[in-house]
Amino acid sequence: ITVGMIGNSSILVYYVILKLTGKHLMPKDLIIEHLTFANCLFIISKGIPQTLSDYGYKNFLDDFGCKLIIYIYRITRGMSLYAMCLLSCFQAITITQKNSRWMMLKHRVTKYLGPSCSFSWLVQLLLNILAATRVSGPRYNKNTTSRMIHGYCSWFASGNFATVMYLFLLCFSDAVCLGLMAYSSVSMVSILCRHKKQVKHIHTAQHFLKVSPEDKATQTILILVCTFVLSYSFSSLLVIFTTYSKYPMLWGVSIFTFLEICFPIFCPFVLISSMKSRCSIFLPCFGKS
């Protein structure tokens, strides 16, 4: 948690200082800002309560606290997925062959990046209200057989039609984002590999280049996408594990939670390593923007 907060906070501070000093930001920097902010909230809402629960703290959240924590967790989980999808698609459009049609599309996408990110936060706020209403604190007094206790909070299982449709809507939106992210990532890797073959003789002449720019870009894309997909998969397994087990093993929940927050912890350092100057994260006034 500490490592992840330091990494994400460093990127946020980096962008704040760049804006204060009047530096020019690239369009994709706006997506990274939203992704990093969502990662910070994700680590706080998921990692800290689970850690306190693992250390033996009981009933440290009341009913409102549980609703708020789960609500923030669901929002930031969805926002991270959307931001990664948007980042992958935008990168794919950026490196596509520069013709008039793609240049026009890039210009339009760049124009609506800010409103798109803001609208996504609003969608997540509205989409996850139902999840918060089904959560309660561990001291909930009403006895019900559908109540499932999971460490620091509990929630109520329901198999009615509305709940099934709500879960289908969540799964469908997530599947669309994952599909777009996978398609754009494969397209980028294909384009970069094809470009690498075209300029292979240039890199052969320059022996001092240990890693070509195309290789570095490909590695960054693959690392981010693979890490996110793995983290999201463990997150989905955690949801299934806690939903269909009324009294799940808490150590199993802790393991899945740790694997789930690997992406927001790992992501900022992948982004930092792909920047032009590593020192610009801490001394942006002296680095290249």
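How much area does the protein chain expose, and what share of it do carbon and sulfur atoms supply? The protein chain exposes about 16,400 Å². Carbon and sulfur atoms supply 71% of that area. This is a predicted model. The chain has 289 residues, and 42% of them count as buried.

**Overall build**

- The secondary structure comes to 11 helices and 3 strands.
- Along the sequence, the pattern reads α-α-α-α-α-α-β-β-β-α-α-α-α-α.
- Take the contacts between residues at least 6 apart in sequence: 76% of them join residues at least 24 apart.

**The cavity**

- The structure holds 1 cavity of 30 Å³ or more.
- About 120 Å³ of space lies in the largest cavity.
- Its lining consists of N39, F42, R77, S80, L81, F228, S231, Y232, S235, E260, F263 and P264.
- Four elements each give two or more residues to this lining: α2 (27–54), α3 (63–95), α9 (213–243) and α11 (262–273).
- Helix α9 gives the most, with 4 residues.
- By residue type, the lining divides into 6 nonpolar, 4 polar and 2 charged.

**Salt bridges**

- Side chains of opposite charge can pair when their charged atoms come close.
- Here the count comes to 2 salt bridges.
- One of them joins E33 and K19, with the closest N and O atoms 3.1 Å apart.
- E33 sits in helix α2 and K19 in helix α1 (residues 2–20), and the two are 14 residues apart.
- Is E33 buried or exposed? E33 counts as buried because its relative accessibility is 14%, and the cut-off for buried is under 20%.
- R77 and D174 also meet through their side chains in a salt bridge, at 3.8 Å from N to O.
- R77 lies in helix α3 and D174 in helix α7 (residues 161–198), so this pair ties together parts that are 97 residues apart in sequence.
- Both partners count as buried: R77 has a relative accessibility of 9%, and D174 has one of 14%.
- R77 also appears in the lining of the largest cavity.

**Two residues of helix α7**

- M181 is found in helix α7.
- M181 counts as buried, because its relative accessibility is 1%.
- Which residues does M181 touch, leaving out those up to four places away in sequence? The answer is M84, C85, S88, F228 and V229.
- One of these, F228, is also a lining residue of the largest cavity.
- M181 and L81 are 100 residues apart in sequence, yet their C-alpha atoms are 9.1 Å apart in space.
- L81, like F228, helps line the largest cavity.
- L167 also has its place in helix α7.
- Is L167 buried or partly exposed? L167 is partly exposed, because its relative accessible area is 46%, and partly exposed covers the range between under 20% and over 50%.
- L167 and A131 are 36 residues apart in sequence and 9.9 Å apart in space, C-alpha to C-alpha.

How values were computed: Residues are numbered from 1 along each chain as its sequence is written. This is a predicted model: local features need pLDDT of at least 70, side-chain atom pairs count only at pLDDT 80 or more; totals for chains, interfaces and linings use all residues. Side-chain values use heavy atoms; hydrogens and water are left out. Buried means under 20% relative accessible area, exposed over 50%, partly exposed in between (1.4 Å probe, protein chains only). Contact means heavy atoms within 4.5 Å. Accessible areas come from the Shrake-Rupley method with a 1.4 Å probe; for residues, only the protein chains shown count as cover. On a 1 Å grid over the protein atoms alone, a cavity is a set of points where a 1.4 Å probe fits but cannot get out, and a pocket is an open set with protein on both sides within 12 Å along at least five of seven lines; lining residues have an atom within 4 Å of a point. Grid points are joined across faces, edges and corners, and a volume is the space filled by probe spheres set on the points. Ala, Val, Leu, Ile, Met, Phe, Trp, Tyr, Cys and Pro count as nonpolar, Asp, Glu, Lys and Arg as charged, and the others, Gly among them, as polar. A salt bridge is a side-chain nitrogen of Lys or Arg within 4 Å of a carboxyl oxygen of Asp or Glu.
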